[in-house]
Amino acid sequence: MSFVEHFGALPRDKLALEIYSTTAAEVERALQRPAGCLTALRALLSPAAAPYIEQMAQQSLALTRQRFGANVGLYLPLYLSNLCANECDYCGFSMSNKLKRKTLDDMELAAEMDIIKARGFDSILLVSGEHETKVGIDYFKSVLPQVKRRFSQVALEVQPLGEAEYAQLVALGLDAVMVYQETYRPSTYAQHHTRGKKRDFGFRLDTPDRAARAGVDKIGLGVLLGLDDWRLDALLMGHHLSYLEQRYWRSRYSISLPRLRPCTGGIAPKVVLSDLGLVQLICAFRLFNPQLDISLSTRETPALRDNLMPLGITQMSAGSSTQPGGYQHPDSQLDQFEISDERSVDEVAARLRQKGLNPVWKDWEQAWTAMSRD
Ligand code: SF4
């Protein structure tokens, strides 16, 4: 059974009703034993949990320190291409948007990597629009070895691939795959994805299954908060995570919680998630899954990122560009979305240290292996 079949059997309307009829007593029960319990996750995501956010934050902070110490991993996205054959009404890379399109060649890729390396990063996220004919498996196969020679950890956020394709990339050193479902409500998904292969909700939904079967070490899930009811979307992502962990226990998992941001030709959020709601969401997932990596991007403001740093976040980007060639040419107008936190990586690292946290640039295993060799 793949997640598509599992998802089809979930009582989604009933789950939505339950979220909004949760009682304070249920939230208090959830706070006693939240780990691994989807009923507890539902309660912690509910409106009834709002008065308990302070308690959730304290528990979340303690669990995060217990599991991850004071460490927060820093990574940077490297945009390979903004070509895209899809139309997503919230994204600046949509095919009908009139912007200059670009795919990095080997020299441009090397120049971007030089800059990222010089800033101290050892963990990189390769991003592209979804254009399988021009930026497909052959391009990824040529890029990956070049990147892997320079970075310990390489993650990919591109179009969903087939299992055999993921296996080829794993053999070339791919460590992680990020594939965000955007929303778990099929009708809302259809409304926002109007052209291209991304319209296939089920193919996207089954992507983590294919990546896990191909041996990808870490798989990232995410929803674009603002497209639909964030509480239900988050709960269904929790079901997805739980399904994957039970079946593919060799892989590790992360989640990303981006809020809808303005972009060229983009839309306003249908449902606004407040800052406090974002805190609730992060803490709910930390209590539900103490070993989960939770990632926070530069979409959020510096003040909010500073406040969220200790609460459950384990991965942050800093000094990001969201355009191909953007580290070399920061003024070109090819962005996927607007960035809120424009601080340099040194400023973000300094802020982490001020908070008693430890910015981590190197992959654990590589660092450990190197130490063992010394
Ligand atoms: S969200 Fe992804 S698939 Fe959709 S337009 Fe943007 S880059 Fe293309």
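1. Helix H7 covers residues 137-148, and its 12 residues at 1.5 Å each should span 16 Å, which agrees with the 16 Å between its end C-alpha atoms. The expected span is 1.5 Å times one less than the number of residues. Helices (H or I, at least four residues) and strands (E, at least two) are DSSP runs, numbered from the N terminus.

2. This is a predicted model: local features need pLDDT of at least 70, side-chain atom pairs count only at pLDDT 80 or more, and totals for chains, interfaces and linings use all residues. Residues are numbered from 1 along each chain as its sequence is written.

3. Phe140, Val143, Leu144 and Val147 of H7 are buried (20 or more other C-beta atoms within 10 Å of the residue's own, against 12 or fewer for exposed; C-beta atoms are placed from the backbone). Down the axis of H7 they fall within an arc of 110°, so they line one face of the helix; the arc is that of the directions from the helix axis to the C-beta atoms. The face turned away carries the exposed residues Asp138, Ser142, Pro145 and Gln146.

4. Strand E1 (71-81), helix H6 (106-118) and strand E3 (123-128) are among the elements covering the buried residues of H7.

5. The largest nonpolar core has 95 residues, and Leu44, Ile124, Leu126, Val177 and Ala284 are those with the most contacts inside it. Such a core is a set of buried Ala, Val, Leu, Ile, Met, Phe, Trp, Tyr and Cys residues joined through C-beta atoms within 7 Å. Helix H13 (residues 275-288) supplies its largest share, eight residues.

How values were computed:
Contact = placed C-beta atoms within 7 Å.
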